[in-house]
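Visitor: I would like a close look at a single part of this model, taken slowly. Could you pick one piece, walk me through how it is put together, and then follow the charged contacts outward from there?

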Amino acid sequence: CIRDSCGPMLKMVAIEAKAPGQVKKLARMGIDISEVVKGPLVEGPRGVPLQTYRVEAVVSARDEKKLSREGFSWSDVPGKGPVKKIGEEYDVYKSFDAPRNGIRAQLNKIKATYPKICQLKTIGHSIQDRPLLAMRLTNEKIKGQKPQVLFLATHHAREWVATEMAMRLIDYLTANFGSDGRVTDLLNTTEVWVVPVGNPDGYQYTFTNERLWRKNLRDNDGDGEITIEDGVDLNRNFASHWGLDEEGSSSNPSDGTYRGIAPDSEPETQAVVKFIESKDFKFIISYHTYGNWILYPWGWQWKTTSLDDPIFLAQAGTDDNPAIWDSLVDQGYDPGVGADLYITNGDFTDWTYGSLGIPSHTVEFTTGYDFRFPDDETMVQTVFEDSLEFALSVIKSAADPA
């Protein structure tokens, strides 16, 4: 399908869910849910109040037919602020491949500018042979075993703000080393690893073909083209409770949450697994957008806490005192177990914690906007500054996780 002749494959919609059970039903239908927001209470059977929800999702024409068959109502969600056409240059966001200022080029430039504290590693390759790049940040002059922390962004291709947050963390640490006492101390005593793009093929595809694409670029049907039938959700492809049910991931290749043919079936997943298993990370943070959440295990089962819940609470905070405050909308990020949002299986942080015992958080940046966050430097930098203290605190905690 040539984009100019048939338009985008995907769009944002808001779906009306008239009861909690309808949110679960949408997940079981394979709908690509992005955010769940409480709506008004309505009178239910026998006068019992019933909670309604607004479910924002990315859907295809096929999904709209499913929604219609099941009796759901929905409306289109227009992007906020100027929306550029595919292929146009952005002021803030940069593709993976752009030769001068793409993510790959930026990382190589940073490595060359700060060789005493930066090492750039290729930890694997994507289906289309793009490198999965990991930046190692530490003072190379100080030898010996140091606690390690990992920040990994953009399992989901369309989540450009997540990539920006990872890149800005690298920029902040490199620019302030040697002049800021706190940053200098952190890099003297800790190894900070940052993977800004965990899905380089899909990320590039959102700049060249389909802005709302989520998955990698696995050609599931082998027809040589990327269509709705293709791609694997890398954040449903890990071995932790992989394929447990149809609510936490989908077995249908055309769904946004398609989990692949087997756990770790994708080269991007394999690279991340091999890399993490070769290290001794004390904490892992997974960067996503959107919805202002700080999530932690477990995601596979509804509202189930872990034995390390005190550590997660200490870092993520509480509803009254969250670790991140969104100054753009003047509200705190909502901390809680992953399944507070919706159930997932085969997801990254359930695997890092469940299989390797590494306390891990998912940060879903920003609310009031969707994946098409404005191409606005001041706004994007505000999101970073809001979340910086959380990132620095996690790095500092690596020396004594308890």
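Guide: Happy to. A good place to start is one cross-strand pair: I15 stands opposite V55, a residue of β3. Please keep in mind that this is a predicted model. The pair belongs to the contact between strand β1, residues 11-17, and strand β3, residues 49-59, which run antiparallel and are joined by 7 bridges.

Now widen the view to the sheet around them. It is an open sheet of 4 strands, paired antiparallel, and its order reads β2-β3-β1-β4. At the edges you find β2 (32-43) and β4 (74-76), each pairing on one side only. On average, neighbouring strands of this sheet are turned by 20 degrees against each other, direction ignored.

Two helices pack on this sheet. Helix α2, residues 20-28, touches β1, β2 and β3, and its direction makes about 25 degrees with that of β3. Helix α3, residues 61-69, touches β1, β3 and β4, and its direction makes about 160 degrees with that of β3.

From here we can turn to the charged contacts. A search of the whole structure finds 25 salt bridges. One of them joins the side chains of R130 and D97, at 2.8 Å from N to O. This pair links distant parts of the chain, 33 residues apart: R130 sits in the loop between β5 (118-125) and β6 (131-137), while D97 sits in the loop between β4 and α4 (103-113). R130 counts as buried because its relative accessible area is 14%, under the 20% limit. D97, at 28%, is partly exposed.

Another salt bridge brings together the side chains of E191 and R136, at 2.9 Å from N to O. E191 lies in strand β8 (residues 191-195) and R136 in strand β6, so this pair ties together parts that are 55 residues apart in sequence. Here E191 is buried, with 9% relative accessibility, and R136 is buried too, with a relative accessible area of 13%.

Compare that with K282 and D280, whose side chains meet in a salt bridge at 3.2 Å, N to O. K282 is partly exposed at 26% relative accessible area, and D280 is partly exposed at 42%.

Finally, some charged residues form a group: D32, R158, R214, D233 and R236 are linked in a network of salt bridges. That network makes a nice last stop, since D32 brings us back to the sheet where we began: edge strand β2 spans 32-43.

How values were computed: Residues are numbered from 1 along each chain as its sequence is written. This is a predicted model: local features need pLDDT of at least 70, side-chain atom pairs count only at pLDDT 80 or more; totals for chains, interfaces and linings use all residues. Side-chain values use heavy atoms; hydrogens and water are left out. Two strands pair if DSSP finds at least two bridges between them. Axes are lines fitted to C-alpha atoms, for helices over the stretch in contact, and angles run from 0 to 180 degrees between N-to-C directions. Contact means heavy atoms within 4.5 Å. A salt bridge is a side-chain nitrogen of Lys or Arg within 4 Å of a carboxyl oxygen of Asp or Glu. Buried means under 20% relative accessible area, exposed over 50%, partly exposed in between (1.4 Å probe, protein chains only).
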